[in-house]
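Student: I would like a close look at a single part of this protein, namely its aromatic side chains and how they sit relative to one another. Could you take me through that part slowly, and then set it beside the nonpolar interior?

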Amino acid sequence: MEYNLAKTLPEFYKAFNIISKIGNYYPNFTSWYFDKVIPGVCLENDKIIIAKHKNEIIGVSIIKDTPHEKKLRAIRIEDKFQKRGYGLYLIDHSLKLLNTDKPNLSVPEEMINEYSRIFINKYKFNLDMVHKGIYRKNKLEYEFNGKNILLPKQNINYGIGKLYE
């Protein structure tokens, strides 16, 4: 498997076409990607990792790597490549670039069964908090390896939720 960092507009769009499939779980996903992630890449705080096999894109991960935050922001493997272990390779590569074995990350309730065994048993991630309504009303978000999702207490609207930036 080959890994490349997205650096050009066409690469940003190719990555978006894959990663946007998790956008159903996060309001304003498109805006977040183009208004937060892409500028973060330009400022070298974020990285978009494109995984390829035989010149075909199989998956994408987005990481945030700053002195104060090591975060696996998003990961997605194309449907036809799922259940083959490619996601583990992409997580491993993301952790290597972040230079940590305990990045902050979160998982929506609809996906926790898919990821919890891998995150807890294989990677030994710590499930630190379960948030209700942080991204979507009455939906749970499971946070691993830190308590970084929540904004300062005075800025939290528990009824509707707040997006972490």
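Tutor: Since this is a predicted model, what follows describes computed geometry. A good place to begin is Phe 34, which counts as partly exposed because its relative accessibility is 25%, a value that lies between the 20% limit for buried and the 50% limit for exposed. Its partner Tyr 13 is also partly exposed, with a relative accessible area of 42%.

Tyr 13 and Phe 34 form a tilted aromatic pair, with 5.3 Å from centre to centre and 40° between the planes; the pair counts as tilted because that angle is neither under 30 degrees nor over 60. The pair links distant parts of the chain, since Tyr 13 belongs to helix α1 (residues 9-19) and Phe 34 to helix α2 (residues 29-42), 21 residues apart.

A second pair, Phe 29 with Trp 32, is likewise described as tilted, its ring centres lying 5.2 Å apart and its planes meeting at 45°. Here both residues lie in helix α2, three residues apart, which is about one turn of the helix. Phe 29 counts as buried at 7% relative accessibility, and Trp 32 counts as buried at 16%, so each falls under the 20% limit.

These two pairs are part of a wider arrangement, for Tyr 13, Phe 16, Phe 29, Trp 32, Tyr 33 and Phe 34 form one aromatic cluster. The count of aromatic pairs in the model comes to twelve. Elsewhere, a ring has a charge for company: the charged end of Lys 122 sits over the ring of Tyr 123, 5.0 Å from its centre.

Turning to the nonpolar interior, the largest core has 23 residues, of which Leu 105, Val 107, Phe 119, Phe 125 and Phe 144 touch the most other members. At least two residues of this core come from each of β2 (46-53), β3 (56-66), β4 (69-77), α3 (86-98), β5 (105-108), α4 (112-122) and β7 (140-144), and α3 gives the most, with five residues. If neighbours within four places in sequence are left aside, Leu 105 is in contact with Leu 72, Phe 119, Phe 125, Tyr 142, Glu 143, Phe 144 and Asn 145. There is also a second, separate core, made up of 22 residues, and its members include Ile 19, Ile 22, Tyr 26 and Ile 48.

Key:
Residues are numbered from 1 along each chain as its sequence is written. This is a predicted model: local features need pLDDT of at least 70, side-chain atom pairs count only at pLDDT 80 or more; totals for chains, interfaces and linings use all residues. Side-chain values use heavy atoms; hydrogens and water are left out. Rings of Phe, Tyr and Trp (its six-membered ring) pair if their centres lie within 6.5 Å; planes under 30 degrees apart count as stacked, over 60 as edge-to-face and the rest as tilted. Helices (H or I, at least four residues) and strands (E, at least two) are DSSP runs, numbered from the N terminus. Buried means under 20% relative accessible area, exposed over 50%, partly exposed in between (1.4 Å probe, protein chains only). A charge sits over a ring if NZ of Lys or CZ of Arg is within 6 Å of the ring centre and within 35 degrees of the ring normal. A nonpolar core is a set of buried Ala, Val, Leu, Ile, Met, Phe, Trp, Tyr and Cys residues joined through side-chain atoms within 4.5 Å. Contact means heavy atoms within 4.5 Å.
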